[in-house]
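Biologist: Could you take me through one part of this model up close, and then show me how the rest of the chain sits around it?

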Amino acid sequence: MLFSFPVLRWDGFPAIPTRPLPLFLLCDVDDVGVHAEIKAPQTKQAPLFIYDNVPGGVGLSDEVPGLLTSLWERCRELIVACSCASGCPSCIGAAMTPEPRAKAKVLRLIEALAEGYQPPADSLLESGAPS
């Protein structure tokens, strides 16, 4: 684990930053990984881990903190550009439970993350994004 920060739970959320990350890091899509947990036992928060997927690491994830604002903006652009109405595997990732307002909720979450939002441990939502 090289970098993590708390986010709200979202079924397909790790798929979203996985697509533009290689463009920012100038690497192969398989060189970087994204993993989310619903609630980490150590912090009682929902962390999103962005890590080098290269044995021994090569420092790719070390660059991520400086790229977060641009990364979230690019994620937002990709979702908005999708022609679907409520979210699909192409724009917001595959969700375990379909939700008619999924796309809007993911967009709100990404916008909040771009502004530096970090939810307190006692206010984690089971689904959705910050209101």
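Biologist: Let's zoom in on helix α4 (residues 102-114): what should its 13 residues span at 1.5 Å a residue, and how far apart are its end C-alpha atoms?

Modeller: Quick housekeeping before the helix. This is a predicted model, with local features needing pLDDT of at least 70 and side-chain atom pairs counting only at pLDDT 80 or more, while totals for chains, interfaces and linings use all residues. Numbering starts from 1 along each chain as its sequence is written, and side-chain values use heavy atoms, with hydrogens and water left out.

Now your helix. The 13 residues of α4 should span 18 Å, and the end C-alpha atoms are 18 Å apart, which agrees. That expected span is 1.5 Å times one less than the number of residues. Helices here are DSSP runs of H or I with at least four residues, strands are runs of E with at least two, and both are numbered from the N terminus.

As for burial, the list for α4 reads Ala102, Lys103, Lys105, Val106, Leu107, Leu109, Ile110, Ala112 and Leu113. Buried means under 20% relative accessible area, exposed means over 50%, and partly exposed is in between, using a 1.4 Å probe and protein chains only. Val106, in helix α4, is buried because its relative accessible area is 0%. Just past the helix comes Gly116, with a positive phi near 90°.

What does α4 meet? A good way in is Ile79, a buried residue of α3. Setting aside neighbours within four places in sequence, Ile79 is in contact with Ile16, Cys91, Ile92, Lys103, Val106, Leu107 and Ile110; contact means heavy atoms within 4.5 Å. Val106 and Ile79 are 27 residues apart along the chain, with their C-alpha atoms separated by 8.8 Å.

Helix α3 (residues 64-81) deserves a look of its own. Its 18 residues should span 26 Å at 1.5 Å a residue, and the end C-alpha atoms are 24 Å apart, which agrees. There is also a kink of about 35° centred on Ser70, where the bend is the angle between axes fitted to the seven residues ending there and the seven starting there. Val64, Leu68, Leu71, Trp72 and Cys75 are among the buried residues of α3.

Both helices feed the largest nonpolar core, a group of 26 residues in which Phe13, Ile16, Leu21, Trp72, Ile79 and Ile110 touch the most other members. α2 (21-25), β2, β3, α3 and α4 each supply at least two residues of this core. By nonpolar core I mean a set of buried Ala, Val, Leu, Ile, Met, Phe, Trp, Tyr and Cys residues joined through side-chain atoms within 4.5 Å.

On the strand side, β2 (residues 32-36) and β3 pair in the antiparallel sense over five bridges; pairing takes at least two DSSP bridges between two strands. Val34 stands opposite Ile50 in β3. Strand β3 (residues 47-52) is mostly covered, with five of its six residues buried.

The loops give some contrast. Ala94 is in the loop between α3 and α4, and it is exposed because its relative accessible area is 55%. Its C-alpha atom is separated by 8.1 Å from that of Ala15, 79 residues apart along the chain. Leu26 sits in the loop between α2 and β2 and counts as exposed, at 78% relative accessibility. Phi of Leu26 is positive, near 55°, in a residue other than glycine. Most residues other than glycine have a negative phi.

Zooming out, the protein chain has four helices and three strands, running β-α-α-β-β-α-α from the N terminus. Of its 131 residues, 40% count as buried. Residues 24 or more positions apart account for 62% of the contacts with a separation of 6 or more.
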